[in-house]
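User: Please take a close look at one part of this model, and then say how the rest of the chain compares in the features you can list.

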Amino acid sequence: MGIGTAALHRLLAGSGLLAGASAFASAGDKTRSGLPGVPHFAPKAKRVIYLFMNGGPSQIDLWDYKPKMEEKYDTDLPEDIRNGQRLTTMTSGQKRFPIAPSRYKFKKYDNNDEGVWVSELLPHTATVVKELCVIRSMWTEAINHDPAVTYIQTGSQLPGRPSMGAWMSYGLGTENENLPAYVVLHSKVSSGKADQALFTRLWGTGFLPSEHQGVSLRSVGDPVLYLRDPDGVDRSTRRQMLDDLASLNQMQLGHFGDPEISARIAQYEMAYRLQTSVPDLMDVSTEPDEVFELYGQEARTPGTFAANCLLARRLAQRDVRFIQIFHRGWDQHGNLAGDLPMQCKDVDQACAALIKDLKRTGMLDETLVVWGGEFGRTVYCQGALSRENYGRDHHPRCYTMWMAGGGVKPGVTYGHTDDFCYNIVDKDGDVIEPSAEKLTPGAVHIHDLNATIMNQLGVDHTKLTYRYQGRDFRLTDVHGHVVKDLLK
């Protein structure tokens, strides 16, 4: 009975006959595989494009302007500022912690009384500041890359939990029958220093049905392995083979009742549809020249960040629910002056182009764009310090991310940090001790960020759960609060 009901629900949802299951589902809605009653309320955004800068971008050199540090060059970070906070093993053994002011110039863009400061390394992104909601008071408990990335992507520092995109696919389903609900793109790095590994579990499903995992599109060769049929196999033969295979899998499903067999059936069907949808998606030759002028000529080269941002817009036009672009190499423990400019050059124009392109095509209001990494960088130098070059260690206590579109406030900054960019402070400069257990005004924990992203998709983060090993799990674990001050 349970299996039959689940199958019936899938069939009815696919035909639009369950459109009334949610008060906010429209008649003829193409969404399939989502849960009844989800979204929980009217969404502000239909989709998310998540630009993840893996490695920890230096907020001090890009977004969080600290001019007072110039006069403190090569002086030690005061003990009362660090206040016994945790350090990584890469700098905990240093005899001193010399302050390294940013060597880059900043300009203030006055969209409101406070304005938004942007580094000279991001001249293109600066042109879309009026669309950005810049959060300077992000924080996390994790201090090393693997647990920190796993934490922000899955809500846990330990591997094994579903990724955010998988949760959204599970809860909301997809509006495109021929493409996955969750697509992952990986970008080339100009510096050649893609130091930190990215594991498939970062876009995996954990204990959720495996059909909701992110589909990673390759930039070399076929975007998806075995996309083309081998010689001697035509489409009708492939269709007949899949039908017979589905019959065998249905027999196994009836015998064992393993939901992963249902996922296997669904994935075979998706693979069949990808054989026609993916080549059309990847063919950017139909894009006009002005699009490549907007994104830069690198957008013509598969695998570049610019090409992936253009693909993200094309995926958004095809109603893909969750699109994630990874860009590695933001881990400047040394030679920041050599590597950081190249990292910024990789992404700057494309980030701005994506915002402009979404707005031009009327999709920005319904698309939530998120930019940032797993943590920030220290104001003190790791290793040798000079006026021309320096390195920075990991810093989880305060860092910067931004969002755009999808119902967030445009042209604003949220949160304050002290003069050393070491602690989150209130407007009067008093240090805030943020807590993951409760919403701390002025501070944004990564659980709060994830709860806010889900909110914009119409999902109550406390209600989208999955029972596993006797416990109801959710993306935000037992924490997280929607930061309403970020929303229109």
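What follows deals with helix α6 (residues 164-172) and then with other parts of the chain.

Analyst: The model is predicted, so local features are given only at pLDDT of at least 70 and side-chain atom pairs only at pLDDT 80 or more, while totals for chains, interfaces and linings use all residues. Numbering starts from 1 along each chain as its sequence is written, and side-chain values use heavy atoms, with hydrogens and water left out.

Helix α6 is mostly covered, with nine of its nine residues buried. Buried is under 20% relative accessible area, exposed is over 50%, and partly exposed is in between (1.4 Å probe, protein chains only). Helices are DSSP runs of H or I with at least four residues, strands are E runs of at least two, and both are numbered from the N terminus. The buried residues of α6 are M164, G165, A166, W167, M168, S169, Y170, G171 and L172. Their cover includes two helices, α5 and α12 (446-456), and the strands β5, β7 (322-327), β16 (466-468) and β17 (471-473). Just after α6, G173 has a positive phi of about 70°.

One residue beside α6 is Q153, found in helix α5 (residues 145-154). Q153 counts as buried because its relative accessibility is 2%. Contact here means heavy atoms within 4.5 Å. Leaving out residues up to four places away in sequence, Q153 touches M164 of α6, along with F52, P162, S163, L202, Q324, F326 and L475.

T205 also reaches α6. T205 sits in the loop between β5 (182-186) and β6 (215-217). Its relative accessibility is 8%, so T205 counts as buried. Again leaving out residues up to four places away in sequence, T205 touches A166 of α6 as well as P162, S210, H212 and Q213. P162 therefore appears in the contacts of Q153 and in those of T205, each of which is buried. From T205 to Y170, 35 residues apart along the chain, the C-alpha separation is 9.2 Å.

Helix α10 (residues 305-317) is likewise mostly covered, with 12 of its 13 residues buried. These are F305, A306, A307, N308, C309, L310, L311, A312, R313, R314, L315 and A316. From first C-alpha to last, α10 reaches 18 Å, close to the 18 Å expected at 1.5 Å a residue. The expected span is 1.5 Å times one less than the number of residues in the helix. Just after α10, D319 takes a positive phi of about 65°.

Helix α7 (residues 235-256) has both a covered and an open side. Its 22 residues reach 31 Å from the first C-alpha to the last, close to the 32 Å expected at 1.5 Å a residue. Its buried residues are R238, L242, A246, N249 and L253. These cover an arc of only 75° around the axis, which puts them on the same side of α7; the arc is that of the directions from the helix axis to the C-beta atoms. On the other side, S236, Q240, L248, M251, G254 and H255 of α7 are exposed. After α7 comes G257, with a positive phi near 70°.

Some backbone details lie away from these helices. Most residues other than glycine have a negative phi, and most peptide bonds are trans. Against that background, D74 has a positive phi near 65° and is found in the loop between α2 and α3 (79-82). At a relative accessible area of 33%, D74 is partly exposed. D477 has a positive phi near 60° and lies in the segment after β17, a strand that is among the elements covering α6. V38 and P39 are joined by a cis peptide bond with omega about 10°; P39 is in the loop between α1 (2-15) and β1 (47-53).

For the chain as a whole, there are 12 helices and 17 strands. Of the 488 residues, 56% are buried. Among contacts with a separation of 6 or more, 77% are between residues 24 or more positions apart.
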